[in-house]
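Me: I'm just getting started with protein structures, and I'd like a close look at a single part of this one. Could you take me through the inside of it, slowly?

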Amino acid sequence: MSYKLVEIFESLQGEGRNTGRPCVFVRFAGCNLACPWCDTDVGERFSMTLEELLAEIASYKAKTVVLTGGEPTLVEGAPELIAALKAAGYFIAVETNATVDAPWLQFVDYVACSPKAEFPDKIELKKANEVRVVASGESAVEFCRRVKDLIEADDYYVSPCDHGGEIDFATAKSVLARLDGWSLSVQLHKILGFR
């Protein structure tokens, strides 16, 4: 079995409750959505066996691994990877679009989901540690309310939309003003210029 990958790199978590935490990011190829504003290349660049992937992760200092994408819940062999990372003592976080409620998510340490307003009927995930919704417009208010009814989480965040490098804080602020129990999460890595 091989894992289809876009990139593996070490950096700081740039958003949500774990902002600032050193992490190894494992970006898997492929996604089941086609968001019009997506800025992530999810085409496969290389593949690795489980052993090769674990060796690559171990070459970095961070003891937190973020499985992201694309859409990591679609990855064949995810349970084997999770088991191996747990055995090695890693804190495992997953970033998902909330369209797949994969059974193995219960074995990771942290689930951050970002349901997409463009695909409101595809939300399947019922529980997460945090929810992040991009405020791409004023319609995000109703979407956030719907998401809060669908997904149980510890924290709910609104993120400003990035329009070609221009971060739209005004819309995020306007959306937040009409929501209860939501906070602002910025993509700190974009503001500070790190990966």
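Reply: Here is a walk from the whole fold down to the nonpolar core and a few residues to look for.

Keep in mind that this is a predicted model. The protein has 5 helices and 10 strands. Its radius of gyration is 16 Å, close to the 16 Å that the globule rule gives for 195 residues, so it's as compact as a globular protein of that length. Put a box around the C-alpha atoms along the principal axes and you get roughly 50 × 35 × 30 Å. Of the 195 residues, 48% are buried. Look at the contacts with a separation of 6 or more, too: 67% of them are between residues 24 or more positions apart.

Now for the inside. In soluble globular proteins, nonpolar side chains tend to be buried together. Here, the largest nonpolar core has 48 residues. Val26, Leu53, Leu67, Val131, Val158 and Trp182 are the ones with the most contacts inside this core. Helix 3, residues 140-150, gives the core its largest share, with 5 residues. There's also a second, separate core of 7 residues, and Phe9, Cys23, Val66 and Ala112 are among them.

Let's zoom in on valine 158. Skip its neighbours within four places in sequence, and it's still in contact with a whole list of residues, including Val133, Ala135, Cys144, Ala172, Val175 and Leu176. Leu179, Trp182 and Leu184 are on that list as well, and so are Ser183 and Ser185. You've met Trp182 already: like valine 158, it's one of the residues with the most contacts inside the largest core.

Next, find phenylalanine 28, which lies in strand 2. Is it buried or exposed? Phenylalanine 28 has 2% relative accessibility, and buried means under 20%, so it counts as buried. Leaving out residues up to four places away in sequence, phenylalanine 28 touches Tyr3, Lys4, Leu5 and Val6, and also Leu67, Thr68, Gly69 and Gly70, among others. Pro72, Val75 and Leu81 are on its list too. As for leucine 74, it's 46 residues from phenylalanine 28 along the chain, with 9.2 Å between their C-alpha atoms.

One last stop is glycine 14, in the loop between strand 1 (2-12) and strand 2 (22-28). Glycine 14 has 2% relative accessibility, so it counts as buried. Between its C-alpha atom and that of proline 120, 106 residues away along the chain, there are 25 Å.

Technical notes
Residues numbered from 1 in each chain as written. Predicted model: local features only at pLDDT ≥ 70, side-chain atom pairs only at ≥ 80, totals over all residues. Heavy atoms only, no water. Helix = DSSP H or I, 4+ residues; strand = E, 2+ residues; numbered from the N terminus. Rg over C-alpha atoms; globule rule 2.2 N^0.38 Å. Buried < 20%, exposed > 50% of the residue type's maximum accessible area, 1.4 Å probe, protein only. Contact = heavy atoms within 4.5 Å. Core = buried A, V, L, I, M, F, W, Y, C linked by side-chain atoms within 4.5 Å.
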